[in-house]
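User: Please take a close look at one exposed or buried residue of your choice, and explain where it sits and what surrounds it. I am a first-year student, so please give the cut-off behind each term, and then turn to the interior.

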Amino acid sequence: GDSCWAPQVLAWGLRGLRGGMRAPSLEVHCGGQSLRTPPITDPATNPNFPINAFLLKLHLPTEEEYMPPIRLRVLDTRDFGYRPQVGQACVRGLGRFCCQPHGKGQPHGKGQPQGTPPPASGMALPSPAHPAPHQAAEEEEEGEQEEDEGEDDWWSKFYAAMGDKAKSRWGTNRDKLKIYGCELEALPEFEGLQDFCQTFPLYPPGGPPAGGDDPVPVGEFKGLFRIYPLPEDPREPPPPCHFQQLPPRHPQKCLVRVYVVRAFDLPPRDRNGLCDPYVRVSLGTKTLGQRDQYVPNTLEPVFGRLFEVTGTIPLEKDLRVSLWDYDVVPPDQEIGATTIDLENRLLSRFRAHCGLPARYRTAGPGRWRDQLPPSRALEQFTRARGLPPPEFSADGTAVTIGDHTFLLGHFEGAPPRHRHPGAPRERLALHVLHGCHLVPEHLETRTLYNSIQPGMAQGKVQMWVDVFPTSLGPPGPPVDIAPRKPHRYELRCVVWNTRDVDLQDTNLLGQQMSDIYVTGWLDGLEEQRQRTDIHYRSLDGDGAFNWRFVFSFEYLAAEQLCGDTPLSPSPPLQEHFWSLDETVLKVPPKLILQVWDNDKFSADDFLGVLELELTKLPGPAQHPRDCAPPPQGPPKTLWPWRGAQPPSHISLFRQKRARGWWPCTVQEGSERRLSGKLELSLELLTGREAAERPVGKGREDPNMYPTLPPPLRPEWSFLWLRAPLRALHHGLWRPHRGRLSLALALLLLLALLLAFVYATPGYLAMKLVNPLRSWGFGSSQ
């Protein structure tokens, strides 16, 4: 059976009509009834209709499948009353527009129809007693130390949302960023951002073109339909109109900020299987983006670019973001593009023009960037939904909206630990807004398409857009999403001494010895390899060097990585000989020191290695006896020191200096054993500090910070031909001095014994004969 229905029509405007329209108007036909809107007098300056809400009374079937379609015709006004038809559309499936009048229960059908704004009485608000999980983030941070926001950036938030804790630095309890895997318009919870008005393509009159091809739209109609039943008793008043609290219909001048973060899954465009993409942003007649700002040799470029452009919406509503491949000889090839309807984002009641941050901050990297503070944004939101305005308490810790009262303590279990938290009034308003299911601070993933291969994805780009009407005042500062740039550092490593190094050679006397020297470099920067001089003839594994290594590198503090960037003194790496640009490699900052035995007529012997990661540097031992070999089996301590308590790891980027003894090891089968000990002093300086305090490598000038004297090496470390007596002395006497002393003592005793034996007969003969007495010298007479 039929019943009386009241279709309400929101005729917002016409977009993109071709052919120079003079005064177009719209005719709506449905169920034998029709209506005509007033013409748009000047579509070049304002393409919206002067009157937007209309009402029809129809007798339509109760079943949705039998409802007739709504037919749209766009007529232009010409001279002499001529009204040609320039576009048409047919809207079928009216069941999606059926709903109940305001305040009369749930919508018609099986749920909320797409595009239907929730009624004022049923607006989704957070429960005063049970805040949403993401709104209780402050409670999750109990026990955490206060974070240094001076080192924070937007990329920490991005990597935390991606689940990369190594690059996010502080995990996921900080400002949250929602990353959507599709376009914002494709999310069901935001109704395609067409909750205020939908876009209906207009096709040329006369049917589809010859050949069966799909017709090309000649323009768009912006509007919405709401169909609800009228009361059966004609004496009852009609229900209120759905389309109330409409936004201004006049064009608005807006500042548009386009943040292009990165792209991935791009198709290769060059011979090496890669491409050199760069970004272009177009709005109306304005195009931003330069071809020399490309990212070389990659299919997953990280742009980190911000584009600011002004435009008048809806006259300039279609934002086009395209990726191009840089070629040495232009023209460049377009990789793909995506188009965003800025008008839908500006008019959507989901507040899609600027995502809501998780926290309210008045300064710092996460400063509030919207034009309206949260309290005014809440007032605007309630006005658009037909709710009473919010009433805040004097201290701003409570707010009442109709029958709902919200307390700040329901959302924050403790005072915020981050800096610049803002007034309680603003924080509470932001918590309430988050409970209204609005668009949060986000990153959308948009698919790129190319006109040469329509319908085939050409990669994806991750980005977001902020739209700020200039009538509301200046917006906050833009978000800095520039890619993280490394800073120059200089590591100065002084090799003082070695102890207990393995002995690999045998001298002429059969003694074990080694000609020790040390080499060092930073991981990933092997081109800067340096080595000390040679300590010859070390018989006990001890060596003295007083030798300075100087390593210059670029370090990305946020990711704790260093790489061979174009700013570093060493030449960058190229993947192929035809590559236009270098390829940057990023590795953790690690110092590698190796101990070697020098050989003249064969390859040098490897004696041991020491690897020190500068961000997790094990505390050095103050004496060489405290260095012990690493334990076998599962490690019970973090570093092989003697004692029950392992030393804590330190970051050389914070401590700046360290000196002591570290053990070097060698691999033997499946185990590592201690093969020596190195006494080092490490000092890390920034590029500016290194320029103010220059030093030379080794013991070269300027020999300062500290001054390195020539090492006092034992005498046996010199060559045999240069000091043979010293070599014999130290080669024979020192290792056999006990035996030699005993032998000398025995020889001395034997000599004394022989002298005694030899002198005894003569002495006895002299005593017996006494020749002095026989000559009378012994008598007193």
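Analyst: Asp 265 counts as exposed, because its relative accessibility is 51% and exposed means over 50% relative accessible area, buried under 20%, and partly exposed in between, with a 1.4 Å probe and protein chains only. The model is predicted, and local features need pLDDT of at least 70, side-chain atom pairs count only at pLDDT 80 or more, while totals for chains, interfaces and linings use all residues. Residues are numbered from 1 along each chain as its sequence is written, and side-chain values use heavy atoms, leaving out hydrogens and water.

Asp 265 lies in the loop between strand S11 (252–264) and strand S12 (277–283), where strands are DSSP runs of E with at least two residues and helices are runs of H or I with at least four, numbered from the N terminus. Leaving aside neighbours within four places in sequence, Asp 265 is in contact (heavy atoms within 4.5 Å) with Leu 299, Glu 300, Gln 458 and Gly 459. Pro 301 is 36 residues from Asp 265 in sequence, yet their C-alpha atoms are 9.7 Å apart in space.

For the interior, consider the largest nonpolar core, which has 34 residues; such a core is a set of buried Ala, Val, Leu, Ile, Met, Phe, Trp, Tyr and Cys residues joined through side-chain atoms within 4.5 Å. Leu 491, Phe 553, Leu 591 and Leu 680 touch the most other members of this core, and strand S27 (543–556) is one of the elements that supply at least two of its residues. S27 gives the most, with 6 residues.
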